[in-house]
Amino acid sequence: MSDSSTEGIKTVLHPVSDLAAAKAVYTALLGVQPQADGPYYVGFDAAGQHIGLVPGGGPQAMTSPVAYWHVSDIGAKLAEVTAAGATLKEAAHDVGGGRLVATVTDPDGNVLGLLQDPQ
C-alpha cells in the first residue's frame, strides 16, 4: 500500500435522459439550486458533496451513476489500483481548471472514478 489515501467520495455523477426533469427532482431532493446549470451539465453542491447530472451519460457514455473518490495524486492511485487488479477505463485527463479525472473498473465491472483537484 502507498500513502496515496483517498479523501472519500465527494462527487457523484448521474446520467440522465431528461435534464430538466432530473434538475427539478435533484433541486427538490437537495434543497439547493444548481451551482452549474448548462445544457451539457448541471451540478449541485450540497452537504460537502458535488452531485452532477450528465445528459445522455455524456462523452464517457455513463449508463449508471459513477462515484468519484477524491485523491491527492491521481497517477499514484491509478498505478496502485491497476496493480491490484482494476482495469483502466478512462485515463486521467483535465476536465477544466486543472481538475483531473479518471475511471477504472473493478474485477466485477463496477466503474470507480478518481478525481484530483488542482494542487
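This section describes the fold, the surface and three residues of a predicted protein model.

The protein contains two helices and eight strands. From the N terminus, the order of elements is β-α-β-β-β-β-α-β-β-β. A run of four strands thus stands between the two helices in that order. Three strands follow the second helix.

Overall dimensions were computed next. Along the principal axes, the C-alpha atoms occupy a box of roughly 40 × 30 × 25 Å. The radius of gyration is 15 Å. A compact globule of 119 residues would have a value near 14 Å, so the protein agrees with that expectation. Contacts were then examined by sequence separation. Of the contacts between residues at least 6 apart in sequence, 51% link residues at least 24 apart.

Burial and surface composition were also computed. Buried residues account for 34% of the 119 residues. The accessible surface amounts to about 6,700 Å². Carbon and sulfur atoms contribute 57% of that surface. The charged side chains comprise 5 positive and 12 negative ones. The centres of these two sets are 4 Å apart.

Gln116 belongs to strand 8, which spans residues 111–116. Its relative accessibility is 12%. Gln116 therefore counts as buried, the cut-off being under 20%. A polar atom of the Gln116 side chain lies 2.7 Å from the backbone nitrogen of Ile74. Ile74 is also among the residues that Gln116 touches, leaving aside those up to four places away in sequence. The others are Val71, Ser72, Asp73, Gly98, Arg99 and Leu100.

Thr105 lies in strand 7, residues 100–105. Thr105 has a relative accessibility of 17% and therefore counts as buried. With residues up to four places away in sequence set aside, Thr105 touches Ala86, Thr87, Lys89, Asn110 and Val111. Of these contacts, Val111 is a residue of strand 8, which covers residues 111–116.

Gly31 presents the opposite case in terms of exposure. Gly31 is placed in the loop between helix 1 (19–30) and strand 2 (36–37). At 61% relative accessibility, Gly31 counts as exposed, because the cut-off for that class is over 50%. Gly31 and Pro118 are 87 residues apart along the chain. Their C-alpha atoms are separated by 28 Å.

Definitions and conventions: Residues are numbered from 1 along each chain as its sequence is written. This is a predicted model: local features need pLDDT of at least 70, side-chain atom pairs count only at pLDDT 80 or more; totals for chains, interfaces and linings use all residues. Side-chain values use heavy atoms; hydrogens and water are left out. The radius of gyration is taken over C-alpha atoms; the globule rule is 2.2 Å times the number of residues to the power 0.38. Buried means under 20% relative accessible area, exposed over 50%, partly exposed in between (1.4 Å probe, protein chains only). Contact means heavy atoms within 4.5 Å. Accessible areas come from the Shrake-Rupley method with a 1.4 Å probe; for residues, only the protein chains shown count as cover. Lys and Arg count as positive and Asp and Glu as negative; His and the chain ends are not counted. The place of a charge is taken as NZ of Lys, CZ of Arg, CG of Asp or CD of Glu. A polar contact is a pair of N or O atoms within 3.5 Å; within protein, one must be able to donate a hydrogen and the other to accept it, and residues adjacent in sequence count only if both atoms are side-chain atoms.
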